[in-house]
Amino acid sequence: VEVIKTYSQNVFGKSIGYYVEFKNNSDSEVDGIKWTASFYDNFGELKGKKEGSWQSGNIISPIKPDEIGKDLENSFIAGATKVYIKITLVHFVKK
């Protein structure tokens, strides 16, 4: 699984959330992803880190091979203008 797109949502100099897209580049369906989001300002200074996660469920289907999954998270990090995602754990659908 790889991160293909991220961006933060900023209001009055505070990051209130971020959007992330994941691509499943495996041969199995993915039903859970955990990551660490690192928030930086325009000078490259780290402003904070937060854990994030996505899981399929009753309404949200697993991410099939070669498909893209999307998530929107709250963050509330003052001074952050950029977000970088590092995937820490991927869970695959058991066959």
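Guide: Buried means under 20% relative accessible area, exposed means over 50%, and partly exposed covers what lies in between. Keep that handy, as we're looking at a predicted model.

Visitor: Okay, why is lysine 47 called partly exposed?

Guide: Its relative accessible area is 37%. That value falls between the 20% and 50% cut-offs, so lysine 47 counts as partly exposed.

Visitor: And what makes lysine 47 and aspartate 41 a salt bridge?

Guide: Their side chains come to 3.8 Å, N to O. The limit is 4 Å between a Lys or Arg side-chain nitrogen and an Asp or Glu carboxyl oxygen, so the pair qualifies.

Visitor: Is aspartate 41 buried or exposed?

Guide: Buried: the relative accessible area of aspartate 41 is 9%, and the cut-off is under 20%. So this salt bridge joins a buried aspartate to a partly exposed lysine.

Visitor: How many salt bridges does a search of the whole structure find?

Guide: It finds 2. Besides the pair we just covered, glutamate 29 and lysine 64 form a salt bridge, with their closest N and O atoms 3.7 Å apart. Set against the 4 Å limit, that passes, so the name fits.

Visitor: What parts of the chain does that pair link?

Guide: Distant ones: glutamate 29 sits in the loop between E2 and E3, while lysine 64 is in the loop between E4 and strand E5 (68–78), 35 residues apart.

Visitor: Why do glutamate 29 and lysine 64 both count as partly exposed?

Guide: Glutamate 29 has 26% relative accessibility and lysine 64 has 41%. Both values lie between 20% and 50%, so each gets that label.

Visitor: What else does glutamate 29 touch?

Guide: Leaving out residues up to four places away in sequence, its contacts include Asn24, Pro62, His91 and Phe92. Now compare tyrosine 40: 11 residues along the chain from glutamate 29, with 32 Å between the two C-alpha atoms.

Visitor: Why does glutamate 21 have no salt bridge?

Guide: The nearest side chain of opposite charge, lysine 70, is 4.3 Å away. The limit is 4 Å, so that pair doesn't make the cut. Glutamate 21 is buried, too, and it sits in strand E2.

Visitor: Which side chain does glutamate 21 join in a polar contact?

Guide: That of tyrosine 19, at 2.7 Å. Polar contacts run to 3.5 Å, so this one is inside the cut-off. Beyond four places in sequence, the contacts of glutamate 21 also include Val3, Ile4 and Ile68.

Visitor: How do you know that serine 26 is buried?

Guide: Its relative accessible area is 18%, under the 20% cut-off, so it counts as buried. Serine 26 is in the loop between E2 and E3. Its side chain makes a polar contact with the side chain of asparagine 24 at 2.6 Å, and the backbone oxygen of serine 28 lies 2.9 Å from a polar atom of that serine 26 side chain. Pro65 and Phe92 are in contact with serine 26 as well, neighbours within four places aside.

Visitor: Let's do strands. How do you know that E1 and E2 pair?

Guide: Strand E1 (residues 2–11) and strand E2 (residues 14–23) share 9 bridges in the antiparallel sense. At least two are needed, so they count as paired. Threonine 6, for instance, has valine 20 in E2 as its bridge partner. The hairpin has 2 residues between the strands, and phenylalanine 12 there takes a positive phi near 50°.

Visitor: What makes E4 and E6 edge strands?

Guide: The open sheet of 3 strands runs E4-E3-E6, with antiparallel pairing. E4 (46–55) and E6 (82–92) each have a single partner strand, so one side of each has no neighbour in the sheet. Neighbouring strands here are turned by 15° on average, direction ignored. E3 (residues 30–40) and E6 pair over 10 bridges, and isoleucine 33 has valine 90 in E6 as its partner.

Visitor: How many helices and strands does the protein have?

Guide: 0 helices and 6 strands. Of its 95 residues, 33% count as buried.

Methods: Residues are numbered from 1 along each chain as its sequence is written. This is a predicted model: local features need pLDDT of at least 70, side-chain atom pairs count only at pLDDT 80 or more; totals for chains, interfaces and linings use all residues. Side-chain values use heavy atoms; hydrogens and water are left out. Helices (H or I, at least four residues) and strands (E, at least two) are DSSP runs, numbered from the N terminus. Axes are lines fitted to C-alpha atoms, for helices over the stretch in contact, and angles run from 0 to 180 degrees between N-to-C directions. Buried means under 20% relative accessible area, exposed over 50%, partly exposed in between (1.4 Å probe, protein chains only). Lys and Arg count as positive and Asp and Glu as negative; His and the chain ends are not counted. A polar contact is a pair of N or O atoms within 3.5 Å; within protein, one must be able to donate a hydrogen and the other to accept it, and residues adjacent in sequence count only if both atoms are side-chain atoms. Contact means heavy atoms within 4.5 Å.
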